[in-house]
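Me: I would like to work through this structure by question and reply, with the reasoning laid out before each result.

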Amino acid sequence: MYEDTQRRELLQRLLEQSPYRRKLRGQEEDIARVALKNVSVCKALDRVLADPDYASSGRIHRRRLAASVATINHLFEWVYFASDSFVERARRG
Amino acid sequence: MDDRVHDYVVVGTGAGGGIVAHQLAKAGLDVLSVEQGKRLPSDYFTNRNPPGARKDWGIRPDSAFPGNPRDAIFNHELFADTETRSSSRSAERAFLSYQVMELGGLQNLWNAVSVRFAPQDFSGWPVGYADLAEHYAATEKLITVCGAQDNIPSLPDGCFIPAKPLREADRIISDAIEGMKRPDTYVIANRKAIETRSDRANACAQIGICTSGCMVDAVYRFPTRLLPEIEQLPNYRLVTGMKAIRLERRPGDAEIEALICRDTTSGEEVRIRGRRFILAAGAIETPRLLFNSRDDAAPNGLANSSGAVGRYLQDNAKVALSTSLLKLWGKPASSDIGFADRLLILSKDTLTDGSEFSFCGHMIHTVIDTPYYLEGLQAVPAALRPWLARKLFNSYVTLALFAPGDPDPENRLTPSADRDRFGVPQVDITYRYSARTLERLERIERFIRKALRRASGTLLYGAPDRPGTGIHYAGTCRMSALPQDGVVDRNLRAHDHPNLYICDGSTLPTLPDKHLTLTIMTLANRLAHHLAAEAPARPAQAVREMADFRAQ
């Protein structure tokens, strides 16, 4: 079990590495708020935080933690596609 | 609150409560409506960014990633949370119960589908279609239902204003289903309580999804349509922010004497006295109120000598599948994005035991505010997904079809040890799909898959049904001819208490495949006329208004 501050920091770091980082700029606080209430996202964050490489050096082992990182990236993707700005743009065609 | 004894105390302002209060007040009778929630500001829905108003992008604490948050469409900020709603936190493991505890209730977010039950749908009820026909007509006119005369035996026609024109997506789906050439299958213009006449100030402007709340008040709601007609009447009063906790009676007396409430602002307990009490708080809250009203002579709750209060909980289980239609690829986006479901679909199938069942639902095509289609794009490289999603966006359709309810006495509400934030005991829910329901859902899914493929559907995305997401709750204070079999009689009067009535979905003994709201409102209309006929002589003007209304 990790503190929300640790999870929040990791989440922010992953967001910065996400392909949706520019599109989600300005929504970091809301994303963190929703993410930290979500059970599956918190479990994924905790798995990364518990990883020995991350704990010692802050390095995210992409292969070993692929599933956990994918979960969090799916969250970012969902937020982007559920945003009003995407929907308005898509409606315009 | 003063110490008056009100002639009629109506708990709840949703589908049933709104109609019965309006009709009684128009008849000149003394009515007090008691509502737990507040009146929403007139600009509440206009402040929402179109097209939707999903709370937290539809993401719930239990939404799963990867994959799609399946119940995203139901994550609206108006839905009561675990601290406010009637059911306990643990109840949602078995059954998700959705409530809006503000003035107007669930109708603040309802889809407005308004269809009559057919005569055969009343099998086993102590009332029949003939008892309700004139009240169906009166209610349809009161709430303005759009539709067309379709002459279908299983779906009686009504008193309609014009239906909305079909779009290209509607015609593609309609042709596909008609091409399946199944018997007793119909695809017709949807029937909804929406103002479609373009010369009206609140005409539907097709700018949003009905279930997000209507920005132009085209969708019928009690606060915007009927309340303005009665709230200035000297014989009508509405009190909001007043949570009903329990009913009280004098010891040894069957009659209810008072409704005990908690002022949600001050926290004080308030005692409201009345001559007749009408509970219209919904199929989850009304039984809860009865349980919490237990006394020494009724240890299992008031109106519960039969043991039926809380039992026979029903909902319409559903299957919803979505796809992108190849026939719509490359077509320009439609500016007509609202009133998403223009089609009503009805059909039948047969189970392995030889029994037939009907199912009913609609096709939804509009701007999507939660990206349920994402799972289907996972095979596409991430860099291309936004482009492809935009290209396909206007080609998505969903078919959502409902199965009939399954009246099982063991699907039930029971008193809980948990309490809400007002300190009022909640209810636990026990609920399980029967084998018959599961087989029905399987058949419905097969129908939808075939229809969507015929319509040029590409990847199909399923929304697994979770119990409670039909939001058509019924059965928990069922009507019955005999007191030992139910809670209320054919006139919705409690068998155990001569001055207690119930007027919401809880009174429906069975639930057909069709949406139940119009029938709830029709029963409310009938109840009001019944009570008005029993009432002592009233002002001549009110009598004329009632007669004029019945003659329409």
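Reply: Before the questions, one point about a charged residue in this predicted model: Arg7(A) has a relative accessible area of 6%, and because buried means under 20%, Arg7(A) counts as buried.

Me: With which residue does Arg7(A) form a salt bridge?
Reply: Arg7(A) lies in helix 1 of chain A, and its partner, 39 residues apart, lies in helix 3, residues 39–50, so that the pair links distant parts of the chain. The partner counts as buried, with 14% relative accessibility. The closest N and O atoms of the pair are 2.8 Å apart, and the residue that forms the salt bridge with Arg7(A) is Asp46(A).

Me: What pattern does chain A follow along the sequence?
Reply: Chain A contains 6 helices and 0 strands. Its C-alpha trace spans about 50 × 25 × 20 Å along the principal axes, and buried residues make up 47% of the 93 residues in the chain. Read along the sequence, the pattern is α-α-α-α-α-α.

Me: How far apart do the centres of the positive and negative side chains of chain A lie?
Reply: On the surface of chain A, a patch of positive charge gathers Arg22(A), Lys23(A), Arg25(A), Arg89(A) and Arg92(A). Of these, Arg25(A) is found in the loop between helix 1 (4–17) and helix 2 (28–35). Chain A has 18 positive and 13 negative side chains, and the centres of the two sets lie apart by 6 Å.

Me: Which residue of chain B forms a salt bridge with Glu285(B)?
Reply: Glu285(B) is in helix 6 of chain B, and its partner, 42 residues apart, is in strand 7 (residues 242–249), so the pair links distant parts of the chain. Glu285(B) counts as buried at 7% relative accessibility, and the partner is buried as well, with a relative accessible area of 1%. The closest N and O atoms are 3.3 Å apart, and the partner is Lys243(B).

Me: Is Arg449(B) buried or partly exposed?
Reply: The side chain of Arg449(B) meets that of Glu445(B) in a salt bridge, at 3.0 Å from N to O. Both residues lie in helix 8 (residues 435–454) of chain B, 4 residues apart, which is about one turn of the helix. Glu445(B) has 29% relative accessibility and counts as partly exposed. With a relative accessible area of 27%, Arg449(B) is partly exposed.

Me: What is the phi of Ala303(B) near?
Reply: Most residues other than glycine have a negative phi. Ala303(B) lies in the loop between helix 6 (285–291) and strand 10 (318–325) of chain B, where it is buried with a relative accessible area of 3%. Its phi is positive although the residue is not glycine, and the value is near 60 degrees.

Me: In the loop between which two strands of chain B does Leu492(B) lie?
Reply: Leu492(B) is not a glycine, yet it has a positive phi of about 65 degrees. At 2% relative accessibility, Leu492(B) counts as buried. The loop that holds Leu492(B) runs between strand 16 (457–463) and strand 17 (500–502).

Me: What distance separates the C-alpha atoms of Ala203(B) and Asp217(B)?
Reply: Ala203(B) has its place in the loop between strand 5 (186–189) and helix 4 (222–225) of chain B, and at 14% relative accessibility it counts as buried. Beyond residues up to four places away in sequence, Ala203(B) touches several residues, including Val216(B) and Ala218(B). Ala203(B) and Asp217(B) are 14 residues apart along the chain, and their C-alpha atoms are separated by 7.9 Å.

Key: Residues numbered from 1 in each chain as written. Chains lettered and ligands numbered in written order. Predicted model: local features only at pLDDT ≥ 70, side-chain atom pairs only at ≥ 80, totals over all residues. Heavy atoms only, no water. Patch = residues over 30% accessible without salt bridge, like charges linked within 9 Å, V, L, I, M, F, W, Y side chains within 5 Å. Areas by Shrake-Rupley, 256 points an atom, 1.4 Å probe, with all protein chains shown as cover. Salt bridge = Lys/Arg side-chain N within 4 Å of Asp/Glu carboxyl O. Lys, Arg positive; Asp, Glu negative; His and termini not counted. Charge placed at Lys NZ, Arg CZ, Asp CG, Glu CD. Buried < 20%, exposed > 50% of the residue type's maximum accessible area, 1.4 Å probe, protein only. Contact = heavy atoms within 4.5 Å.
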